[in-house]
Amino acid sequence: MATGQLIEMKGESRDAFAGVLRFYELAKRQEWQVRDLPWGEQPPIPEGRGSPERQARRRDMWRSVLTQQLQADLLACDMSSQLLNIAPDPEAKLYYSTMVQDESRHTEAWLKLITEAGGTGERDPYLDELAHMTLEADTVEEKVFQMQVFYERLIISRFRMIARASRGTVLEDLCNRLTVDDGIHHRAGMEYEKVLLQDASKKTKQKLVDAANRLLPIFVQHALWRPKERAMIGGAMRSRDQERLREDLELGVRLAESLGLDVSDVQLPV
């Protein structure tokens, strides 16, 4: 089989891709199906208490959370498909074939969950802008860094937070599965970015820093944006959101440093 031949490829020049192939195999072993979620056994989202109006507000709040995650995974389908098409290395193409399947499965799960929860809410305009910047980036190095090294790493903590707040629901089960999937996406991206940057020119590396300075102000707006359904709770949690945002940006800088990038020119907007 072609896959077996690729995995068994010998030669010094391909040894650098061992990490990418390891996560390709792990992604295949971890694959799950939407039907595996506890549909009908657990409520789709946390069930509210109190007056009908209070319950409706709580349901709208959770629908807005689901909408933002659906939006993110729809955009992730576009980005992973693009990486599958443009990645120059066969090992990376193998990995991205699993990532496209993951993002498509995630989208299917969010669509089903939103239907059971009562429909979609307001779309995050800044998330669309960030996705557009990544899709229009000039180099593979920029796309991998933004999509897998930065975004995929940050969403893991969000899924853990949502899971903790939705115990005993389909949403909790889904977020726990996505935590594993996106952990694999992030680690595979780190492995591939190391290979891409190993012999990259100074100009290519500088383009990543320049792109980060354009992207980070939009990311701040995305991180602090809340739809009207979450405006009240968003205001109450704003100081914690700002602290978490600062931690996220500092983490992004550390990840860039670990890949050998000179981040002295990165301007943190917070």
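Buried here means under 20% relative accessible area, and that cut-off helps with the views below, which come from a predicted model.

**View 1. Leu 245, tucked into helix 10.** With a relative accessible area of 2%, Leu 245 falls under the 20% cut-off, so it counts as buried. Looking for a landmark elsewhere in the chain? Arg 164 sits 81 residues away from Leu 245 in sequence, and the two C-alpha atoms are 19 Å apart in space.

**View 2. The largest nonpolar core, with Leu 245 among its best-connected members.** This core has 28 residues. Alongside Leu 245, the residues with the most contacts inside it include Phe 145, Phe 150, Leu 215 and Phe 219, and Leu 249 and Leu 261 are on that list too. Four helices each give two or more residues to the core: helix 6 (140–164), helix 7 (170–198), helix 8 (202–224) and helix 10 (238–258). Helix 8 chips in the largest share, 9 residues. As a bit of background, nonpolar side chains in soluble globular proteins tend to be buried together.

**View 3. Another core, apart from the largest one.** This one is made up of 26 residues. Leu 21, Met 79, Tyr 95 and Leu 127 are among them.

**View 4. A negative patch on the surface.** Four residues form it: Asp 210, Glu 257, Asp 262 and Asp 265. Asp 210 belongs to helix 8, the helix that also gives the largest share of the core in View 2. Is Asp 210 buried, exposed or partly exposed? Its relative accessible area is 34%, so Asp 210 is partly exposed.

Note on methods
Residues numbered from 1 in each chain as written. Predicted model: local features only at pLDDT ≥ 70, side-chain atom pairs only at ≥ 80, totals over all residues. Heavy atoms only, no water. Core = buried A, V, L, I, M, F, W, Y, C linked by side-chain atoms within 4.5 Å. Buried < 20%, exposed > 50% of the residue type's maximum accessible area, 1.4 Å probe, protein only. Patch = residues over 30% accessible without salt bridge, like charges linked within 9 Å, V, L, I, M, F, W, Y side chains within 5 Å. Areas by Shrake-Rupley, 256 points an atom, 1.4 Å probe, with all protein chains shown as cover. Salt bridge = Lys/Arg side-chain N within 4 Å of Asp/Glu carboxyl O. Lys, Arg positive; Asp, Glu negative; His and termini not counted. Charge placed at Lys NZ, Arg CZ, Asp CG, Glu CD.
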